[in-house]
Amino acid sequence: MNKPLIIVTGKNGQLGWELQRLHYQYTHQFNFLFVGREELDLSNIQSITTFFQQHKPFYFINCAAYTAVDKAEIEKDISFNINALAVAELAKQCAIINCKFITVSTDYVFDGTKNTPYEITDTTNPLNQYGYSKREGELLAIKNNADSIIIRTSWVYSSYGNNFVKTMLRLMKERESINVVSDQIGSPTYAKDLANAIIQIVETLAIHGSQFTNNIYHYSNDGIISWYDFAKEIQSLSGLHCKVNPIPSSQYPTPAKRPFYTAMSKEVISNNFQLKIKNWKESLKECLAELGYL
Ligand SMILES: NC(=O)c1ccc[n+]([C@@H]2O[C@H](COP(=O)([O-])OP(=O)(O)OC[C@H]3O[C@@H](n4cnc5c(N)ncnc54)[C@H](OP(=O)(O)O)[C@@H]3O)[C@@H](O)[C@H]2O)c1
């Protein structure tokens, strides 16, 4: 019997890379095809149509995105093309061939004015171009494919690629002290945990079909912290000698405005798909161990 084909975009990104590492455990159940920019350039809508003429997946997991939050303030059109228009086309092509479309979005769709975790039903109001392009991608995905699954996540890191954890480790080795913002609150996400969650979601869909009515889900590790708390834990676990100072966002101006609070409730995703969500410290330890610090 033919195994269902899962196509994953963004194979060279943090999440795509973690899915690649994980997929070996699932090759008895699914066939996989991982694609990067070379195989499927999302800035070229026509190439998406052509791609779907050649491939007929059962599940399509979109891990590719324009993720340079500050640069997006200048590259408005490019970020919108990749995060909104390409997502719309992927969703549409999946609907045509009855393929389940899963795409990843961001906590930056929220304006951060709440002080309790955001629910999937909460109003979005992105403060920056990246958040806006991702929110438009969510809306267009649902418009073009009512069965789309959108997983919003936050503060993604991995032992692979560029991220806050690796930047902190580098700076802590280079400097005697660093300043980290303490008034932006959210939850880190170990890309490996999110990759596991996505595979578990696909497995559940493969067994139970599309009985789930939600389009939007939230996923991160458990725990609500500031970037400063995150940096302090990285420093303490790694044993690097560097003083970490808390500063307000006003002392660290960036081209893109960031929301102050973006913790999200994961109740719906964990209940629907029976996911056990790890605490952020546990996952950070795992990543640091992989990087050779523990
Ligand atoms: N990173 C975070 O902190 C964060 C936070 C919230 C949500 N998210 C979301 O989580 C998802 C995964 O993020 P990530 O951290 O894994 O991102 P990432 O490491 O930045 O990887 C993104 C990937 O997208 C690819 N890509 C960009 N433009 C493309 C194009 N035109 N055509 C094809 N591929 C293209 C990149 O390819 P190249 O390698 O060739 O550049 C890269 O491999 C994204 O949807 C992101 O928006 C991330």
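Two strands are said to pair if DSSP finds at least two bridges between them, and helices (H or I, at least four residues) and strands (E, at least two) are themselves DSSP runs, numbered from the N terminus. What I am showing is a predicted model, in which local features need pLDDT of at least 70 and side-chain atom pairs count only at pLDDT 80 or more, while totals for chains, interfaces and linings use all residues. Residues are numbered from 1 along each chain as its sequence is written, and side-chain values use heavy atoms, with hydrogens and water left out.

Let me begin with β4. Strand β3, residues 59-62, runs parallel to β4 and is joined to it by four bridges, and within this pairing I61 stands opposite I102 of β4. Seven of the seven residues of β4 are buried, meaning under 20% relative accessible area (1.4 Å probe, protein chains only), and therefore β4 is largely enclosed by the rest of the structure. Both of its faces are covered, with K100, I102, V104 and T106 buried on one side and F101, T103 and S105 buried on the other.

That strand leads us to the ligand. Which element gives the most to the shell around the ligand? It is β4, with three residues, although α1 (14-22) and α4 (129-144) also each supply at least two. In total 23 residues surround the ligand, a residue being counted if one of its heavy atoms lies within 4 Å, and the closest are R37, L42, T67, Y130 and K134. By class, the shell divides into eleven nonpolar, nine polar and three charged residues, where Ala, Val, Leu, Ile, Met, Phe, Trp, Tyr, Cys and Pro count as nonpolar, Asp, Glu, Lys and Arg as charged, and the others, Gly among them, as polar.

Turning to individual atoms, a backbone N or O atom of V104 lies 3.1 Å from an oxygen atom of the ligand, and a backbone N or O atom of G13 lies 3.0 Å from a ligand oxygen. A polar backbone atom of L42, in turn, is 2.9 Å from a nitrogen atom of the ligand. The protein covers 82% of the 900 Å² of accessible area that the ligand has on its own, by the Shrake-Rupley method with a 1.4 Å probe.

Finally, Q184 sits in the loop between β7 (177-181) and β8 (185-186). Is Q184 buried or exposed? Q184 counts as buried, because its relative accessibility is 10%.

Definitions and conventions
A polar contact is a pair of N or O atoms within 3.5 Å; within protein, one must be able to donate a hydrogen and the other to accept it, and residues adjacent in sequence count only if both atoms are side-chain atoms. Buried means under 20% relative accessible area, exposed over 50%, partly exposed in between (1.4 Å probe, protein chains only).
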